[in-house]
Amino acid sequence: MATVISMINLKGGVGKTTLTVAMAEFMAAEYGLKVLVVDLDPQTNATVALINELEWRKRNIRGQTLLNIFLDHLSKYQVFSLEEAIVHNVSNVNGGIEGLDLLPSSIDLIEVHDEFLQAIPSLPINPLHLLDDVLRAALSAYDIVLIDCPPDLGLICQNGLMISDYYIIPTIPDILSTYGIPQIINRIGRLQRENSISIQPLGLVISKYRQQSEIHKNQANLLKIHAPKAGYRQVFNTFIPEGNLAAMVMDYTLHFNSLREKYNYSKYYQIYKALTEEVLSCVQ
Ligand SMILES: Nc1ncnc2c1ncn2[C@@H]1O[C@H](COP(=O)(O)OP(=O)(O)O)[C@@H](O)[C@H]1O
Ligand SMILES: [Mg+2]
């Protein structure tokens with residue numbers, strides 16, 4: 001059975017998607033794990049980092065994205081098929097990494113979301129279980145499932161948390177990015193109590209770290225000191241530095257022959273590898 005990990009922060013732009021994609025690639029390419037990325041964010045950033053945009057458009061029209069998990073409950077047509085929606089061997093490395101799969105998201109989820117919320121009272125199903133219902137049977141085919149959550153704690157995000165064993169909070173070590181951490185922990189705690197699920201925090205990942213910044217240094221230190229009491233378990237030892245390369249490699253139109261080449265033989269290769277190893281050592 002797969003270990004399911006949600007990447008979550010209420011703030012956008014903290015590096016959730018970049019980290020999700022990098023860890024998924026390292027887990028599959030370097031550790032030979034069978035990995036599924038579930039892109040729960042309507043911004044579809046993980047999706048278009050892992051498959052080309054044209055492919056996504058075709059799939060979106062055919063109803064082969066996460067959108068139809070929700071949309072199908074609003075219409076009399078059942079379009080979604082998990083088998084058809086999952087894209088196999090994705091990534092801009094090596095024409096696709098074997099063992100790395102994607103359940104794509106859809107921008108149209110933004111439109112459907114409100115309509116869906118209004119329809120909830122008349123639905124014959126618990127709206128927190130929609131993802132669970134379609135994905136549960138497929139989980140045994142994977143070692144790890146990484147869920148790229150939207151930057152909120154809405155219904156779609158909660159669907160992801162409901163099937164997660166763990167969550168990771170990627171954060172920039174500054175005041176605004178860390179502001180919502182207590183809310184995340186409290187809300188997930190409530191979700192856990194109300195639904196008898198067993199999701200646990202794995203830790204904080206410090207991202208876009210600026211070594212020269214006193215604010216970053218101090219805030220990262222404080223986050224470490226407060227870890228035992230704050231409820232997020234730990235701060236991972238590996239920090240992801242801020243740098244253009246981390247942003248650049250998310251462009252699917254670029255092609256790389258290996259992860260080392262993707263990270264231009266720079267420190268990023270070792271950093272993502274070390275972080276992936278830290279995360280895996282906590283869940284295995
Ligand atoms: N380590 C990094 N250094 C510099 N820029 C980064 C880094 N990680 C991510 N970015 C860039 O920051 C922006 C937000 O990152 P993203 O991973 O999309 O965050 P989120 O998913 O939390 O919104 C993107 O433009 C991305 O390319
Ligand atoms: Mg994102």
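This passage describes the strand arrangement, the ligand surroundings and several individual residues of a predicted model.

The strands are considered first. Six strands form an open sheet with parallel pairing, in the order β3-β2-β4-β1-β5-β6. The edges of the sheet are formed by β3 (100–103) and β6 (200–206), each of which pairs on one side only. Between neighbouring strands of this sheet the average turn is 20 degrees, direction ignored.

Within this order, β4 is flanked by β2 and β1. Strand β4 spans residues 144–148 and is mostly covered, with 5 of its 5 residues buried. The side chains of this strand alternate: I144, L146 and D148 point one way, V145 and I147 point the other way, and burial applies to both sets. Strand β1 (residues 3–7) runs parallel to β4 and is joined to it by 5 bridges. Among the residues involved, M7 of the model has D148 in β4 as its bridge partner. Strand β2 (residues 35–39) also pairs with β4 in the parallel sense, over 5 bridges. Here V35 stands opposite I144 of β4. D148 and I144 thus recur in the description of β4: both belong to the set of residues that point one way from the strand, together with L146.

Towards the β6 edge, β5 (residues 166–171) and β6 run parallel and are joined by 6 bridges. T171 has I206 as its bridge partner in β6. Helix α1 (residues 16–31) lies across β1, β2, β3, β4, β5 and β6. Relative to β4, the helix runs at about 165 degrees.

The surroundings of ligand 1 comprise 15 residues, of which G13, T17, T18, K208 and G243 come nearest. Of these, T17 and T18 fall within the residue range of helix α1, 16–31. Three polar approaches can be described. A polar backbone atom of G13 is 2.7 Å from an oxygen atom of ligand 1. In the case of K208, an N or O atom of the side chain is 2.8 Å from an oxygen atom of the ligand. G243 instead approaches a nitrogen atom of ligand 1, with a backbone N or O atom at 2.9 Å. On its own, ligand 1 has 550 Å² of accessible area, and the protein covers 78% of this.

Among individual residues, D101 is located in the edge strand β3. D101 is buried, because its relative accessible area is 0%. Its side chain forms a polar contact of 2.9 Å with the side chain of H88. With neighbours within four places in sequence left aside, the contacts of D101 are K34, V35, L36, V37, I86, V87, H88, N89, V90 and Y142. Of these contacts, V35 is the residue that stands opposite I144 in β4.

A138 lies in the loop between α7 (130–135) and β4. A relative accessible area of 18% places A138 among the buried residues, because the limit for burial is under 20%. A138 and N89, the latter also a contact of D101, are 49 residues apart in sequence, and their C-alpha atoms are 16 Å apart in space.

Two residues were examined for their backbone conformation. Most residues other than glycine have a negative phi. T44, by contrast, has a positive phi near 55 degrees. T44 is placed in the loop between β2 and α2 (45–50), and is buried, with a relative accessible area of 4%. N264 likewise has a positive phi, near 50 degrees. N264 occurs in the loop between α13 (259–262) and α14 (267–283). Unlike the buried T44, N264 is exposed, because its relative accessible area of 52% is over 50%.

The loop between β6 and α11 (214–230) contains R210. R210 is partly exposed, with a relative accessible area of 40%. R210 and P241 are 31 residues apart along the chain, and their C-alpha atoms are separated by 6.1 Å. Apart from neighbours within four places in sequence, R210 is in contact with H216 and E242.

Conventions:
Residues numbered from 1 in each chain as written. Chains lettered and ligands numbered in written order. Predicted model: local features only at pLDDT ≥ 70, side-chain atom pairs only at ≥ 80, totals over all residues. Heavy atoms only, no water. Buried < 20%, exposed > 50% of the residue type's maximum accessible area, 1.4 Å probe, protein only. Helix = DSSP H or I, 4+ residues; strand = E, 2+ residues; numbered from the N terminus. Pairing = 2+ DSSP bridges. Axes fitted to C-alpha atoms, helices over the stretch in contact; angles between N-to-C directions. Contact = heavy atoms within 4.5 Å. Near = heavy atom within 4 Å. Polar contact = N/O pair within 3.5 Å; in protein donor to acceptor, adjacent residues only side chain to side chain. Areas by Shrake-Rupley, 256 points an atom, 1.4 Å probe, with all protein chains shown as cover.
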